[in-house]
Amino acid sequence: MSEQTEHHAARERTRNVVIVGAGMAGVQTAVALREAGFTGPVTLIGAEPHQPYDRPPLSKAVLLGKAEDSAFDVDFEALDITLRLGLDVTALRAADHVLDTAEGPVPYGTLVLATGAEPLALPGTEGVPGVHLLRTLDDAARLRPVLEERHDVVVVGAGWIGAEFATAARAAGCAVTVVEAAARPLAGTLPAEVAAPMADWYAESGAELLTDARVERVEPGTVVLADGRELPAGAVVVGIGARPATGWLTGSGIERGADGSITADSALRTSLPDVYAVGDCASFPSARYGERLLIHHWDNALQGPRTAAAAILAAESGEPLPVHDPVPYFWSEQFGRFVQYAGHHAHADTLVWRGDATEAAWSVCWLRAGALVALLAVGRPRDLAQGRKLIESGAVLDPERVADPAVPLKSTAL
């Protein structure tokens, strides 16, 4: 086979793109390919039967009955994107460039893995009635009557999703108890001094927060704690974390980390040829932060697909590969507050407060060698917007001016 013929054959294989996962990352990959000028076949496979939808509204408008669903405003037919919904993908046979599915094999030229994350279940609660997770549209549909009927609700886990559900349940008039095994909310996410003020938000909303509290078992209508306390529970909502939904890749030869995340490179290519990974299921190396990042947030599922689409087209054209190294960003609406976070504070050497955490609006800045590396903003969206740009630029800041909430962050650069 001549070199020209080989290139043509490779090009034809590449032009058939199959995307596994119809959440934000999968949908945005398909859209990004079309926006970048890709004209080959694009197939989007989703395990759920629903039209592809956005997840953040599930813990807000959809849960409270203010919206029936949160379907993406994407005209898949006009974009010539083939949807295969309600289809489980069971295995990847890389040597054959084939996916095994419940409806038979699906060949691919280029494959994009966008399977997201799956919530962790509370051990021992399988099959117990009244125990819920909140990840899918069906989960939200099952929980909506719980709020409408104002059941006593126990939330296990005081992380982001636990706080958001507790907020919705209180808004619906439910009695809410939040059980957290650690000494404070968001223990695995934020330093003690930053998370501590957030504990007061629960009581202010009328929810009860129990810290250093472990669940011994869940019985129908009751949560029993390790210290013997029994909590009435018309419903139990579990929010104790999530893991990459990659178990189906076992035996595929694809490289994964200890946390189950697919090990992608800076162009979001995996260890297998012609296979890319985006969103919650994949980690990537960040030159900005000097470590590999796994980001379970909406913005990463929006940004990554643009890189993957550009990399797929670069593989066709021979153009330089793009680099995925965003400033991580997420937000949470809880207890009447708009909380935003940008960056990654793990290796910061200085923490600077902007404002009083007992007030309605305040921020925290993390610096490393004088440069801003992360920022948490509560009710201060301007701090977030300006801080995100400062993180991107790597500018060194004046810590004394940073500490003055009256000084715009953008004016603190030296």
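**Exercise 1. State how much space lies in the largest cavity, and identify its lining.**

Step 1. The largest cavity holds about 30 Å³ of space. A cavity here is a set of points, on a 1 Å grid over the protein atoms alone, where a 1.4 Å probe fits but cannot get out. Grid points are joined across faces, edges and corners, and the volume is the space filled by probe spheres set on the points.

Step 2. The count by this rule is one cavity of 30 Å³ or more.

Step 3. Lining residues have an atom within 4 Å of a point. For the largest cavity they are Leu268, Ala277, Val278, Gly279, Ala282, Phe284, Asn300, Gly304 and His324.

Step 4. At least two residues of this lining come from each of strand E20 (282-286) and helix H6 (298-317). Helices (H or I, at least four residues) and strands (E, at least two) are DSSP runs, numbered from the N terminus.

The model is predicted: local features need pLDDT of at least 70, side-chain atom pairs count only at pLDDT 80 or more, and totals for chains, interfaces and linings use all residues. Residues are numbered from 1 along each chain as its sequence is written, and side-chain values use heavy atoms, with hydrogens and water left out.

**Exercise 2. Place Ser283 in the fold, decide whether Ser283 is buried or exposed, and list what Ser283 touches.**

Step 1. Ser283 sits in strand E20.

Step 2. Its relative accessible area is 4%, so Ser283 is buried. The classes are buried under 20% relative accessible area, exposed over 50%, and partly exposed in between (1.4 Å probe, protein chains only).

Step 3. Contact means heavy atoms within 4.5 Å. Not counting residues up to four places away in sequence, Ser283 touches Ser261, Ile262, Thr263, Ala264, Arg292, Leu293 and Leu294.

**Exercise 3. Describe the largest nonpolar core and the surroundings of Leu147.**

Step 1. A nonpolar core is a set of buried Ala, Val, Leu, Ile, Met, Phe, Trp, Tyr and Cys residues joined through side-chain atoms within 4.5 Å.

Step 2. The largest such core has 95 residues, and those with the most contacts inside it are Leu147, Phe165, Leu190, Trp366 and Leu376.

Step 3. With neighbours within four places in sequence left aside, Leu147 is in contact with Leu63, Leu64, Phe165, Ala168, Ala169, Ala172 and Cys174.

Step 4. There is also a second, separate core of 21 residues, which includes Leu87, Leu249, Ile262 and Leu272.

**Exercise 4. Work out the environment of Arg34.**

Step 1. Arg34 belongs to helix H2 (residues 24-35).

Step 2. Arg34 is buried because its relative accessible area is 15%.

Step 3. Outside its neighbours within four places in sequence, Arg34 is in contact with Thr39, Gly40, Pro41, Val42, Leu79, Asp80 and Ile81.

Step 4. A polar atom of the Arg34 side chain lies 2.7 Å from the backbone oxygen of Leu79.

Step 5. Arg34 and Val223 are 189 residues apart along the chain, and their C-alpha atoms are separated by 50 Å.

**Exercise 5. Which of the strand residues Pro105 and Thr177 is buried, and which is exposed?**

Step 1. Pro105 is in strand E6 (residues 104-107), and Thr177 is in strand E11 (residues 176-179).

Step 2. Pro105 counts as exposed because its relative accessibility is 58%. Thr177 has 14% relative accessibility and therefore counts as buried.

Step 3. Residues up to four places away in sequence are not counted: Pro105 touches Arg93, Val98, Leu99 and Asp100, while Thr177 touches Val153, Val154, Val155, Glu208, Leu210 and Leu231.

**Exercise 6. Locate Asp212 and Phe335, each with a positive phi, and classify their exposure.**

Step 1. Asp212, not a glycine, has a positive phi of about 50 degrees. Phi of Phe335 is near 50 degrees, again in a residue other than glycine.

Step 2. Asp212 lies in the loop between strand E12 (208-210) and strand E13 (215-219). Phe335 lies in the loop between strand E22 (329-334) and strand E23 (337-343).

Step 3. Asp212 is exposed, with a relative accessible area of 56%, whereas Phe335 is buried at 9%.

**Exercise 7. Describe the spans that UniProt annotates as domains.**

Step 1. The unreviewed UniProt entry gives "domain: FAD/NAD(P)-binding" for residues 16-302 and "domain: Reductase C-terminal" for residues 329-412. Such annotations may be inferred rather than shown by experiment.

Step 2. Residues 16-302 are 19% helix and 28% strand, with end C-alpha atoms 22 Å apart.

Step 3. Residues 329-412 are 20% helix and 39% strand, with end C-alpha atoms 21 Å apart.

Terms used:
A polar contact is a pair of N or O atoms within 3.5 Å; within protein, one must be able to donate a hydrogen and the other to accept it, and residues adjacent in sequence count only if both atoms are side-chain atoms. On a 1 Å grid over the protein atoms alone, a cavity is a set of points where a 1.4 Å probe fits but cannot get out, and a pocket is an open set with protein on both sides within 12 Å along at least five of seven lines; lining residues have an atom within 4 Å of a point.
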